[in-house]
Amino acid sequence: MKTLTTTEELAQFCNMARQEPYVTIDTEFLRERTYYSKLCLIQLAIPGDTDDTAVLVDPLVDGLSLEPLYELFRDTSVVKVFHAARQDLEIFFVEAGVFPDPLFDTQVAAMVCGFGEQVGYETLVRKIAKQGLDKSSRFTDWSRRPLTEAQKTYALADVTHLRKIYEFLAAKLAETGRAHWVQEELQMLTRPETYVIDPENAWKRVKTRTTSPKFLAIVRELAKFREAYAQSRNVPRNRVFKDDALVELASTKPGNMNDLGRSRLLLREARKGEIADGILTSVKTGLECPASDMPRVPKKDDKQQVNPALADLLRVLLKAKTESSGVAPKLIATSADLDALASGSRDVAALHGWRHEVFGADALRLCEGKVALAAKGTAVKIVSL
């Protein structure tokens, strides 16, 4: 197996790939000690079974530029195939501001083709490629050099079997006319906002039991500081301080270093220096926030009431639709989507695009009392009223 270590070698392989209908891609990375993923290895494969059709690329080698790969990403004549692409795409977007185009994600395609929810690569290799995978190298340190032969073999298998999986799923989608369903799903993966966390909105990720606007104003400022600090230093946000410490700080409202020292949950490193100063400034800013600028969450009474009987009927309808279409249920509608529909909301993803075709249209008719559900043997059928 060949490992590419120069820009010239990478350019040569990418030029080969640009003559093919598709290229399969995977990455190995580390993220435990950084905010952004550290790219450690790239795997590439093109159609064929010779040694030169699948390679490893070592991005840690000094002087290696990934620009030939990014040029391949921009070449719309070649389909770029990933499995569970989100983390891989985030790496390339953060590194170079580029998305592969066109993109194909075999995990999404498999859910559309009846392989269940969040189907793993190992399952597809077993069911489609009829092969097994050695996963013993899965959790190794990919930043250490030299890589072992076992690591290389494991990494390369993530793109060689992917060729057969892609060809099978692409043919299945063409046969069923569902290729546009997959493309609709992939649009979210190629939006910059999917990967950019604005510190101003970081507080929305913090779970709290208190909905007091003044309390949430402090949470917002603490989360904003933590996110900006983590991004600028490239450290995990939990290394700055964890969510439970953030909520504790918003409750105790420390005003000085002595107050900060009494925190039960704050890491020792956060009790001094820039982090400690940032915490105290954030708490002060939150406390001084004008009432008109304080964040608010809807009260339970403000939310539309769910019709439980209708919600149950929608679940029955969804089950019937997924059984007949072979599409994973959560890909069509989540439990929250169904409750929203049953409460009268129409701002639901299940009512748009291909989901409307599969489920949404009949779901609306059910909500409007235009159809009923009836059991026929083991199946559920829709009856017009």
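1. In this predicted model, 6 residues of domain 1 are in contact with 8 residues of domain 2. The two domains belong to a chain that is divided into domain 1 (2-194), domain 2 (199-288) and domain 3 (308-384). The C-alpha centres of domain 1 and domain 2 are 38 Å apart.

2. The extent of this interface can be stated as an area. The size of an interface is often given as the accessible area lost when the parts come together. Between domain 1 and domain 2 the buried area is about 580 Å², and carbon and sulfur atoms give 49% of that area. On the side of domain 1, the residues that lose the most area to domain 2 are Arg33, Tyr35 and Tyr36; together they make up 79% of what that side buries.

3. The polar character of the interface deserves a separate remark. Across the boundary of domain 1 and domain 2, 0 salt bridges are found, whereas 4 residue pairs are in polar contact. The side of domain 1 that touches domain 2 consists of 2 nonpolar, 1 polar and 3 charged residues. Charged residues are thus present on that side, although the salt-bridge count across the interface is 0.

4. For the whole structure, the search finds 20 salt bridges. One of the pairs is Glu67 with Arg74, whose closest N and O atoms are 2.9 Å apart. Glu67 has a relative accessible area of 34% and is partly exposed; Arg74 has a relative accessible area of 41% and is likewise partly exposed.

5. A second salt bridge pairs Asp259 with Arg262, with an N to O distance of 2.4 Å. Which class of exposure does each partner have? Asp259 is partly exposed, because its relative accessible area of 26% falls between the limits of 20% and 50%. Arg262 is exposed, because its relative accessible area of 60% is over 50%. As for shared partners, salt bridges join Glu67, Glu71 and Arg74 into one network.

6. A third salt bridge links Glu221 and Arg220, the closest N and O atoms being 3.8 Å apart. Are these partners buried or exposed? Glu221 counts as buried, because its relative accessibility of 15% is under 20%. Arg220 also counts as buried, because its relative accessibility of 16% is under 20%.

7. Glu221 also appears among the contacts of Ser282. Ser282 lies in helix α12, which spans residues 273-287. With neighbours within four places in sequence left aside, Ser282 is in contact with Glu221, Leu222 and Phe225. Ser282 is buried, because its relative accessible area of 6% is under 20%. Glu221 therefore takes part both in the contact with Ser282 and in the salt bridge with Arg220, and Glu221 is itself buried at 15% relative accessibility.

8. The backbone contains cis peptide bonds that a reader may wish to inspect. Where do the prolines of these bonds lie? Asp101 and Pro102 are joined by a cis peptide bond with omega of about -5°, and Pro102 is in the loop between α3 (86-96) and β6 (103-105). The peptide bond from Arg145 to Pro146 is cis as well, with omega near 5°. Pro146 is placed in the loop between α5 (121-129) and α6 (149-176).

9. Positive phi values form another point for inspection. Asn234, a residue other than glycine, has phi near 55°. Asn234 occupies the loop between α8 (213-233) and α9 (237-240). With a relative accessible area of 30%, Asn234 is partly exposed.

10. Lys253 is a further residue other than glycine with a positive phi, here near 50°. The loop that holds Lys253 runs between α10 (243-252) and α11 (257-261). Lys253 counts as partly exposed, at 35% relative accessibility.

Key:
Residues numbered from 1 in each chain as written. Predicted model: local features only at pLDDT ≥ 70, side-chain atom pairs only at ≥ 80, totals over all residues. Heavy atoms only, no water. Domains from an automatic or database assignment. Contact = heavy atoms within 4.5 Å. Buried area = accessible area lost by both parts, 1.4 Å probe. Salt bridge = Lys/Arg side-chain N within 4 Å of Asp/Glu carboxyl O. Polar contact = N/O pair within 3.5 Å; in protein donor to acceptor, adjacent residues only side chain to side chain. Nonpolar A, V, L, I, M, F, W, Y, C, P; charged D, E, K, R; others polar. Helix = DSSP H or I, 4+ residues; strand = E, 2+ residues; numbered from the N terminus. Buried < 20%, exposed > 50% of the residue type's maximum accessible area, 1.4 Å probe, protein only.
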